[in-house]
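Student: I should like to learn how to read the features of a protein model. Could we proceed one feature at a time?

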Amino acid sequence: MTFGVIVGNRGFFPSHLAATGRTEMIAALERQGHRAVVTTAEQTAFGAVETYTEAKICAELFREHANEIDGIIVTLPNFGEERGIADAIRLANLQVPILIQATPDDAGKMGIAFRRDSFCGKMSICNNLRQYGIPYSLTTLHTEAPDSEQFAKDLQSFAATCRIVRGFRNLRIGAIGARPAAFNTVRYSEKLLEKSGITVDTLDLSEVMGRIQRLADSEAKVQEKLSAIKSYLPVNETPEAALLKMSKLGVVIDDWMKSNALDVTSVQCWTSMEEFFGVVPCTVMSMMSEKLLPSACEVDTMGTLSMHALSLASETPSALLDWNNNYGADPNKAVCFHCSNLPKHFFRQGVKMDFQQIIAGTVGKENTFGTLDGRVKSGAMSFVRFSTDEFEGTIKGYAGQGSFTDDPLQTFGGAGVVEIPNMQKLLHYICENGFEHHVAANFSHVADAVKEAAQKYLGWPMYLHN
């Protein structure tokens, strides 16, 4: 990733600290593989920003790299000139997340030659940014050295926040088919999404079926998709005819997404698809989610948005799950389940293709092949849910962390046991605030980054569970 770096300096503090602080911050970024856009010592004194003239030079540099810069890091090796830093950010007008870092003083070096006072200066720059109406993020500790372990963790979290903000900017979601009639719970407001710069394109299932009919079995891209499906997971006893249908469905969705520049999708997965086409779309959706192109079932567009946030933050696949069952009498455990289109990344060894047991009795087993059946593996868990609240006129959400466990579970589909601290408090919050029973999950701990991105930079009210 690329970060614009602003080095703070205040002339009557030791300026050599600004020079060394600049070098230390660049090194900290490079250790994580990031690139810095920062003024040089030839452009401004010590490569820092102090005066209004230097603020203009920095802002012009940032604007030249506006399409590359994911976020801005303000580093304070000494007190820093609060107005110069705030002016540089305002003049650049990049509308990206901002992290404020202050380097700690050494208790043994409090004389005039090495005294930093960045502890105090950080408060001044935050005060100015607040006056300017510019949102910003803070490090975990008030002061952290650029080469510290804590700053390395904070930088990772900030990078995740930046990926979400950039990834949601001009995001385009594809919604395939109408929501199942029985699922009022997945209603949402396209207008509130559009207000946040997120566009929804729709595709009727009749168009999907029509485009599939025009594809010959022997067409190259159909056969390529068929090979990809067979290499993705064991197809078990799935008939070849069903696999071919899945291949054509995958090709149609791929082509539609490409021609409309779509990033993620939500799909009407039942029961029209099964009754009139003869397969479930789960494997095709799983393959998209595995490639970090989340696809949510039951046309849960806010669900795929939630999945996307987690995938952007962690750079790993996300799934949409039901908060589905209690797990015995343990108040902090539950069964999360779908029937399933989970990405392969979620499963233990042994996942396979199967038929959809829940609706097979209604539409016939032969029309429901294509689900992924297996046990969700154990590991770290982050969960997120966004929802449109038309009564309040906003998008809102909640996020939190827990873990997938190895507790025994005998069932079908894609299922796992989750353990979440104070889970009853979370369940009360979900019900009292009318959130959906679907939740996005990911093998990571990135809830803080999602909450920071959504609430601070997208302006969406968020609850962080703890």
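Tutor: Let us begin with the naming of elements: helices (H or I, at least four residues) and strands (E, at least two) are DSSP runs, numbered from the N terminus. With these names, Ser340 can be placed in the loop between strand E11 (333–338) and strand E12 (352–355). A cis peptide bond, with omega of about 0 degrees, joins Cys339 and Ser340.

Student: On what basis are such statements made?

Tutor: The model is predicted, so local features need pLDDT of at least 70 and side-chain atom pairs count only at pLDDT 80 or more, whereas totals for chains, interfaces and linings use all residues. Residues are numbered from 1 along each chain as its sequence is written, and side-chain values use heavy atoms, with hydrogens and water left out.

Student: Where is Thr271 found, and which residue does a cis peptide bond join to Thr271?

Tutor: Thr271 lies in the loop between strand E8 (264–267) and helix H10 (272–276). The cis peptide bond joins Trp270 to Thr271, and omega there is about -5 degrees.

Student: How does one judge the length of a helix?

Tutor: The expected span of a helix is 1.5 Å times one less than its number of residues. Helix H1 (residues 16–31) has 16 residues; the distance from its first C-alpha to its last is 23 Å, close to the expected 22 Å. For helix H2 (residues 52–64), with 13 residues, the expected span is 18 Å, and its end C-alpha atoms are 18 Å apart, which agrees.

Student: Which residues of H1 are buried?

Tutor: The term needs its cut-offs: buried means under 20% relative accessible area, exposed over 50%, and partly exposed in between (1.4 Å probe, protein chains only). In H1 the buried residues are Leu17, Ala18, Gly21, Arg22, Met25, Ile26, Ala28 and Leu29. Seen down the axis of H1, they fall within an arc of 165 degrees, so they line one face of the helix. That arc is taken from the directions from the helix axis to the C-beta atoms. The face of H1 turned away from the buried side carries the exposed residues Glu30 and Arg31.

Student: Why can residues separated in sequence point the same way?

Tutor: An α-helix has 3.6 residues a turn, so residues three or four places apart point the same way. H2 offers a further case: Glu54, Ala55, Cys58, Ala59, Leu61 and Phe62 are buried. Viewed down the axis of H2, these buried residues fall within an arc of 160 degrees, so they line one face.

Student: What covers the buried residues of H1?

Tutor: Contact means heavy atoms within 4.5 Å. The cover of the buried residues of H1 includes strand E1 (2–7), strand E2 (35–37), strand E3 (71–76), strand E4 (98–102) and helix H5 (149–168). The buried residues of H2, in turn, pack against E1, E2, E3 and H3.

Student: How is the packing of two helices described?

Tutor: Two packed helices are described by the angle between their axes and the distance between the axes. Axes are lines fitted to C-alpha atoms, for helices over the stretch in contact, and angles run from 0 to 180 degrees between N-to-C directions. H5 and H12 pack at an angle of about 135 degrees, with their axes 8 Å apart. Angles under 35 degrees count as roughly parallel, over 145 as roughly antiparallel, 65 to 115 as roughly perpendicular and the rest as oblique. H5 and H12 are therefore oblique to each other. Their contact is made by Ala160, Arg163, Ile164, Gly167 and Phe168 of H5 and Leu305, His308, Ala309, Leu312 and Ala313 of H12.

Student: Is His308 buried or exposed?

Tutor: His308 counts as buried, because its relative accessibility is 8%. The residue belongs to helix H12 (residues 301–314). Leaving aside neighbours within four places in sequence, His308 is in contact with Gly167, Phe168, Leu171, Val264 and Pro294.

Student: Which non-glycine residue in the loop between helix H3 (82–92) and E4 has a positive phi?

Tutor: Gln95 lies in that loop and has a positive phi of about 60 degrees, although it is not a glycine. At 58% relative accessibility, Gln95 counts as exposed. Leu292, also not a glycine, has a positive phi of about 65 degrees and counts as partly exposed at 32% relative accessibility.
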